[in-house]
Amino acid sequence: MQSNIVTEMDFRFPPIVLIKSNTKPEDAIGPKEGKGGCVMSFIAQTIAKRKVSCFGRENITCGGLATGFGWGDGFKDEDALDFQATFLSCGVESAPDREEYETRLGYMKKHTAEMFREGERIFTDFETAKENIKNRPIYDTEDYVIFKGLEDLKEGEIPQSVIFTVNPVELTALIQINTSFRTEGAYLLTPQASSCQAIGSFTFKQAESDDPKPILSPIDFAGKRKTKHFIPNEYMHLSMPWKLFLKLEEVSKKSVLQTELWQKYK
């Protein structure tokens, strides 16, 4: 696909798209079957090296990933939800049952156990973490999520998410374009979500809105750490549903991108 925004802005990292499918592409990179972990290192390779990446239900190893890519809530029971709420808050310090939590950590590798003992501290306490987890947007569709460059989008393919990877100047320009046709309300969202959820399910949710907003991420250092070998730390993601991307494409043809001001920054 030819994009006016891409042409005008000449990104170091052109946008990629997320497509949901029941068919797995043969040439895609991704975790081996039965293995999961954080997927952001593979997505970073799609961003930086333009490699197609793909993830399936067989790669789910945490509730966060399941939710992020629209495969249910990822929890087999209430105990599993409580375990993640403990980890996303202050670890052992937040655990409703510290002894039980420590027992589960005993089955992990030392480095992983220490991370879970300290907690990711995305939320201030267990109760806040659990309420936020329960309020995540939940979908359960298709078996695979595919990431590829916007330029490789085929005729008739409709992405569920378009993901820009931008430096502060590029982000400023996109925010200005996104704001230029609006008159009220919040113009940009920063949900307290993992990287995969921000570009996935939280963006899917915006597609349901008559006035969709872009999602700024990542704000989780665990996810950001997985991309640092391919993407400099100052870069952020700005994801949006397809219909908002098409709106920005049209608006961008008569925007700050045609001004002398932008040329000085470009």
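Here is a walk through some charged residues in this structure and one helix that sits among its neighbours. Keep in mind that you're looking at a predicted model.

Let's start with helix α4, which runs over residues 78-88. Of its 11 residues, 9 are buried, so the helix is largely enclosed by the rest of the structure. Those buried residues are Ala 80, Leu 81, Asp 82, Phe 83, Gln 84, Ala 85, Thr 86, Phe 87 and Leu 88. What do they pack against? Four other helices: α3 (63-68), α5 (98-105), α6 (110-118) and α7 (126-134).

Asp 79 also belongs to α4, but Asp 79 isn't on the buried list. With a relative accessible area of 53%, Asp 79 counts as exposed, because the cut-off for that word is anything over 50%. Asp 79 joins Asp 77, Asp 97, Glu 99 and Glu 100 in a negative surface patch.

Now go to the other end of the helix. Leu 88 and Glu 120 are 32 residues apart in sequence, yet their C-alpha atoms are 4.9 Å apart in space. Glu 120 sits in the loop between α6 and α7, and its relative accessible area of 23% makes it partly exposed. Setting aside neighbours within four places in sequence, Glu 120 touches Phe 87, Leu 88 and Ser 89, and also Asp 220 and Ala 222.

That contact with Asp 220 is worth following. Where is Asp 220? You'll find Asp 220 in the loop between β5 (215-217) and α11 (221-225). Here's something to look at: Asp 220 is buried yet has no salt bridge. The nearest side chain of opposite charge is Lys 224, and that one is 8.5 Å away. A salt bridge here needs a nitrogen and an oxygen within 4 Å, so you can see why this pair doesn't qualify. Apart from neighbours within four places in sequence, the contacts of Asp 220 are Glu 120, Ile 122, Ala 193, Ser 194 and Ser 195.

Other charges do find partners. How many salt bridges are there? The count comes to 13. Take Lys 148 and Glu 157, whose side chains meet with N and O 2.8 Å apart. Lys 148 is buried, at 9% relative accessible area, while Glu 157 is partly exposed at 24%.

Next, look at Lys 253 and Glu 250, where the closest N and O atoms of the salt bridge are 3.5 Å apart. Lys 253 has a relative accessible area of 49%, so it's partly exposed. Glu 250, at 52%, counts as exposed.

Then there's the pair in helix α13 (residues 260-265). Lys 264 and Glu 260 both lie in this helix, 4 residues apart, which is about one turn. An α-helix has 3.6 residues a turn, so residues three or four places apart point the same way. Lys 264 and Glu 260 form a salt bridge, with 3.7 Å between the closest N and O atoms. Are these two buried or exposed? Lys 264 is exposed at 63% relative accessible area, and Glu 260 is exposed at 58%.

Finally, salt bridges can link up. Arg 57, Asp 140 and Asp 143 are joined in a network of them.

Key: Residues are numbered from 1 along each chain as its sequence is written. This is a predicted model: local features need pLDDT of at least 70, side-chain atom pairs count only at pLDDT 80 or more; totals for chains, interfaces and linings use all residues. Side-chain values use heavy atoms; hydrogens and water are left out. Patches are made of residues with over 30% relative accessible area and no salt bridge: like charges are joined within 9 Å, nonpolar side chains (Val, Leu, Ile, Met, Phe, Trp, Tyr) within 5 Å. Accessible areas come from the Shrake-Rupley method with a 1.4 Å probe; for residues, only the protein chains shown count as cover. Lys and Arg count as positive and Asp and Glu as negative; His and the chain ends are not counted. The place of a charge is taken as NZ of Lys, CZ of Arg, CG of Asp or CD of Glu. Helices (H or I, at least four residues) and strands (E, at least two) are DSSP runs, numbered from the N terminus. Buried means under 20% relative accessible area, exposed over 50%, partly exposed in between (1.4 Å probe, protein chains only). Contact means heavy atoms within 4.5 Å.
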